[in-house]
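Let's take a walk through this structure together, one piece at a time. Keep the 3D view open and follow along as we go.

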Amino acid sequence: MTISDNMVFAQEIEIGLDEILPVKFGVNKKNELVRLVYEICRAGDLSINEVFTWIEIDRLIEGGKGELFHRVKDALVRIRYPSAGPDDDLHIMPVRMDAVAGECSTWDLTLKPEEIFIEKDVLDLEWTQAFLRGFPQVKTALINDVKDVFKTFPGKDPLELYNLRREKVFLTKNRSAFIKICPCTKGYKRCGYWILNLGFGCPMDCVYCYLQTYSNAPGMILPANIKDYYGYIRGFDRKAGKRTRIGTGEFTDSLAFDKYTGYSSYLIPFFRDMKNLVLELKTKTGNIDNVLKEQPHENAVISWSVNTPVVAEKYEKGGINVSDRIEAAVRAAERGFKIGFHFDPIVYYNGWKDEYKNVIEEMFTHREIREKTVWISLGTLRYTPSLKQVAEQRFEENLMFYQGEFFMDTDGKLRYPRDLRVDMYNRMIGWIRSFVDTCWIYLCMEPEELWKKTVLKRSDYSFR
């Protein structure tokens, strides 16, 4: 089904409800019923009439008009959320797919900007001139401040801007927030990660990516003053006091543009002399040519976000396939680099157990990966309510939001039930530990009480 098909299908559900129900409900109540029917249909590949038959809607109508909405809603909830209790927040939101025209395009692994904007302060930098030599035919514009250009897009639909972000590149001077702690909700256990704020905007399109609701930039932002980062990194290294991980993959893919930026060639050698900091470059690509030219050392880890082939193919547009990510990891390990993996998000769907187990087996059949993997993070699918609606407007495939139950958790995100998450983590940990027992396994964005319910050891609670 295309996005247009999805939109038409939601409209057909609304019409079907109007035709069969003897009561005309208000907008909010109708939206809830449409959402529940829509997700049940999509998850089970069912027709509207099949769902109506399943809930015995004729019998519900025979019960009279009084409380009809609650009878119909409760019947639908029992199907969509079979384990829901009276205190669970389902956060049933409207189905809206009319704000953006069409599916987002798929990145072809190359940077092809229509225009490059250059802040005057960085024009003469060696890095800037090297970058521009890679795009001799691209139109350029000299600007005072990137914020001035952003102001020229008033009234633009945020998703329209997001879909066009690969068309423009901004070469800027970063003046603040060089290093910041990885955000974590109060009450959730921190993994001690820090962010090296080197670039903003990712060319890939992952259904679950928070940048879809976070980014308001009309292009890719690349800081040109890379050498200015050195002083901040040295100062942070002195203050750290213990081994501390820091990475560039929070607001972008660390290596997606590396053949153009050469950031890895600046960072990997520099981090060799750090006493406390460990650099992580995290990616969904195979762009490691520059990385392989550098000498490996204890303070540099190259890592890959991995998932099952089904999830990667359907929901990670622009990323290379999982086998190619594993092969790239083997190449880095053969060169002598430490490597890491991130199973985040782990997605619940029919067959998830066999497919995640198969990916882990594929990874660790390689001796190089068994010997060089230093950490693996695990995190299950979670999302803000607004992200779900945004993704439905950009991707025709959204079944990950409809398979499995999601309840509002204490961090304001919709998540699988805690017992299911514990089960998913314990299975993943068991499969990994059947191959290696030396690498650090940790959970991403989970409360400490959930950590304690898993089979993780106390020694896994912090970076070692």
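**Two sheets and the helices around them**

Strand 3 (residues 168–172) and strand 7 run parallel and are joined by four bridges. To find one of these pairings, look for T172, whose bridge partner in strand 7 is P223. Before going further, please keep in mind that this is a predicted model.

Now step back to see the sheet that this pair belongs to. It is an open sheet of four strands in the order 2-1-3-7, and its pairing is parallel. Which strands stand at the edges? They are strand 2 (139–143) and strand 7 (220–223); each has a single partner strand, so one side of each is left without a neighbour in the sheet. From one strand to the next, the twist averages 20°.

While you are in this part of the chain, have a look at F153. This residue lies in the loop between helix 7 (146–150) and helix 8 (158–163). Is F153 buried or exposed? With a relative accessible area of 19%, F153 is buried, because the cut-off for buried is under 20%. Leaving aside neighbours within four places in sequence, the contacts of F153 are with L161, K168 and P218. R133 makes a useful second landmark: R133 and F153 are 20 residues apart along the chain, and their C-alpha atoms are separated by 28 Å.

Next comes another sheet. This open sheet has eight strands in the order 4-5-8-9-10-12-13-17, with mixed pairing. Its edge strands are strand 4 (179–181) and strand 17 (440–443), each of which pairs on one side only. Ignoring direction, neighbouring strands of this sheet are turned by 25° against each other on average.

Let's zoom in on the end of that order. Strand 12 (residues 338–346) runs parallel to strand 13 (residues 373–380), and six bridges join them. Within this pairing, F341 stands opposite I376 in strand 13. Strand 13 also pairs with strand 17 in the parallel sense, over four bridges; here L378 has L443 of strand 17 as its bridge partner. How enclosed is strand 13, and what shows it? Seven of its eight residues are buried, so strand 13 is largely enclosed by the rest of the structure.

Helices pack on this sheet too. Helix 16 touches strand 12 and strand 13, and its direction makes about 175° with that of strand 12. Helix 16 (residues 352–364) also packs with helix 19 (residues 418–433), at an angle of about 30° and with the two axes 10 Å apart. That angle makes helix 16 roughly parallel to helix 19, because angles under 35 degrees count as roughly parallel. The crossing of helix 16 past helix 19 is right-handed. To see the contact, show W352, K353, Y356, K357, I360 and F364 on helix 16, which meet D423, M424, R427, M428, W431 and I432 on helix 19. By type, the residues of this contact divide into eight nonpolar, no polar and four charged. A general point about helices helps in reading such a list: an α-helix has 3.6 residues a turn, so residues three or four places apart point the same way.

Now move along the sheet to helix 10. Helix 10 touches strand 4, strand 5 (193–196), strand 8 (244–247) and strand 9 (277–283), and its direction makes about 125° with that of strand 9. Helix 10 (residues 229–240) has a helix partner as well: it packs with helix 12 (residues 263–271) at an angle of about 30°, their axes being 12 Å apart. Helix 10 is therefore roughly parallel to helix 12, and passes it in a right-handed crossing. Y230, I233 and R234 of helix 10 make the contact with Y266, L267, F270 and F271 of helix 12. Sorted by type, the residues of this contact are six nonpolar, no polar and one charged.

For a last stop, turn to helix 18 (residues 385–394). How many of its ten residues are buried? Nine of the ten are, so helix 18 is largely enclosed by the rest of the structure. The buried residues of helix 18 are P385, L387, K388, Q389, V390, A391, E392, Q393 and R394.

Key. Residues are numbered from 1 along each chain as its sequence is written. This is a predicted model: local features need pLDDT of at least 70, side-chain atom pairs count only at pLDDT 80 or more; totals for chains, interfaces and linings use all residues. Side-chain values use heavy atoms; hydrogens and water are left out. Axes are lines fitted to C-alpha atoms, for helices over the stretch in contact, and angles run from 0 to 180 degrees between N-to-C directions. Helices (H or I, at least four residues) and strands (E, at least two) are DSSP runs, numbered from the N terminus. Angles under 35 degrees count as roughly parallel, over 145 as roughly antiparallel, 65 to 115 as roughly perpendicular and the rest as oblique. A crossing is left-handed if the near helix is turned anticlockwise from the far one by less than a right angle, and right-handed if clockwise. Contact means heavy atoms within 4.5 Å. Ala, Val, Leu, Ile, Met, Phe, Trp, Tyr, Cys and Pro count as nonpolar, Asp, Glu, Lys and Arg as charged, and the others, Gly among them, as polar. Buried means under 20% relative accessible area, exposed over 50%, partly exposed in between (1.4 Å probe, protein chains only). Two strands pair if DSSP finds at least two bridges between them.
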